[in-house]
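Let's take a walk through this protein chain together, from its overall build down to a few individual residues. Keep the sequence and the 3D view open as you read.

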Amino acid sequence: QVHLVESGGGLVQSGGSLRLSCAASGRIFSLGFMGWYRQAPGKQRELVATITNGGSTNYANSVKGRFTISRDDAKNTVYLQMNSLKPEDTGLYYCNAQARITAWRGYDTFWGQGTQVTVSS
């Protein structure tokens, strides 16, 4: 099994910055796509950003130019640098990763428990 643990959330004023981290642990043969999703109260979970194991990135239009996703495969960790935060960025941020636990098994999808980000106006 693979466990994802997020950290770095908190309360910040509008215009501020936060850096989220998500460390994967457990039985990991290799990691594929990793990403961040968020869910605001009363809304569906939405994609924020993803990064492939080759380093290609994809962002939601609402965060382009403000957020940067990166990964450190030596540490099995994905990061989300969030700048120029807005109140509408408030939500529970979830880490997502595709991982293979053995060489002969395909990728499975894993989720973290989430870390709260609150942006005050």
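The paragraphs below go from the whole chain to its strands, its core and some single residues.

Please keep in mind that what you are looking at is a predicted model. The protein chain has eleven strands and zero helices, so its pattern along the sequence reads β-β-β-β-β-β-β-β-β-β-β. With a radius of gyration of 14 Å, close to the 14 Å that the globule rule gives for 121 residues, the chain is as compact as a globular protein of that length. The C-alpha trace spans about 50 × 25 × 25 Å along its principal axes. Of the 121 residues, 44% count as buried. The accessible surface comes to about 6400 Å², and carbon and sulfur atoms hold 47% of that. Contacts also link distant parts of the sequence: among those with a separation of 6 or more, 56% are between residues 24 or more positions apart.

Now to the strands. Strands of a sheet pair through backbone hydrogen bonds, either parallel or antiparallel. An open sheet of four strands runs in the order β1-β3-β8-β7, with antiparallel pairing. Which strands stand at its edges? They are β1 and β7; each has a single partner strand, so one side of each is left without a neighbour in the sheet. On average, neighbouring strands in this sheet are turned by 15° against each other, direction ignored. To find the β7 and β8 pairing in your viewer, look for six bridges in the antiparallel sense. Thr68 is a handy landmark there, since it stands opposite Gln81 in β8. Strand β11 has pairings of its own. Strand β2 (residues 10-13) pairs with β11 in the parallel sense over four bridges, and the partner of Gln13 in β11 is Ser120. Strands β9 and β11, in turn, run antiparallel and are joined by three bridges. There, Gly91 has Val117 of β11 as its bridge partner.

In a regular strand the side chains alternate between the two faces of the sheet. You can follow this along β11: Thr115, Val117 and Val119 point to one face and are buried, while Gln116, Thr118 and Ser120 point to the other and are not.

Next, step inside. In soluble globular proteins, nonpolar side chains tend to be buried together. Which members of the largest nonpolar core touch the most other members? Of its 30 residues, these are Trp36, Leu80, Met82 and Tyr93. At least two residues of this core come from each of β1 (2-7), β3 (18-26), β4 (30-39), β5 (46-51), β7 (67-72), β8 (77-82), β9 (91-100) and β11 (115-120).

Tyr93 is a good residue to select on screen. Leaving aside residues up to four places away in sequence, Tyr93 touches Glu6, Leu20, Trp36, Tyr37, Arg38, Val48, Phe67, Leu80, Met82, Gly114, Thr115 and Val117.

From Tyr93 you can move to one of its contacts, Phe67. Phe67 is found in strand β7. Is it buried or exposed? At 3% relative accessibility, Phe67 counts as buried. Beyond residues up to four places away in sequence, its contacts include Arg38, Val48, Tyr59, Leu80, Met82 and Tyr93. Phe67 and Ala99 are 32 residues apart along the chain, and 24 Å separates their C-alpha atoms.

Asn96 is another residue to visit, this one in strand β9. Its relative accessibility is 9%, under the 20% cut-off, so Asn96 counts as buried. With residues up to four places away in sequence left out, Asn96 touches Leu4, Phe33, Met34, Gly35, Tyr37, Thr109, Phe110 and Trp111.

Finally, have a look at the backbone in two loops. Most residues other than glycine have a negative phi, and most peptide bonds are trans. Asn76 has a positive phi, near 50°. You will find Asn76 in the loop between β7 and β8, where it is partly exposed with a relative accessible area of 24%. Ser84 also has a positive phi, near 50°. Ser84 lies in the loop between β8 and β9, and it is partly exposed with a relative accessible area of 41%.

Terms used:
Residues numbered from 1 in each chain as written. Predicted model: local features only at pLDDT ≥ 70, side-chain atom pairs only at ≥ 80, totals over all residues. Heavy atoms only, no water. Core = buried A, V, L, I, M, F, W, Y, C linked by side-chain atoms within 4.5 Å. Buried < 20%, exposed > 50% of the residue type's maximum accessible area, 1.4 Å probe, protein only. Contact = heavy atoms within 4.5 Å. Pairing = 2+ DSSP bridges. Axes fitted to C-alpha atoms, helices over the stretch in contact; angles between N-to-C directions. Rg over C-alpha atoms; globule rule 2.2 N^0.38 Å. Areas by Shrake-Rupley, 256 points an atom, 1.4 Å probe, with all protein chains shown as cover.
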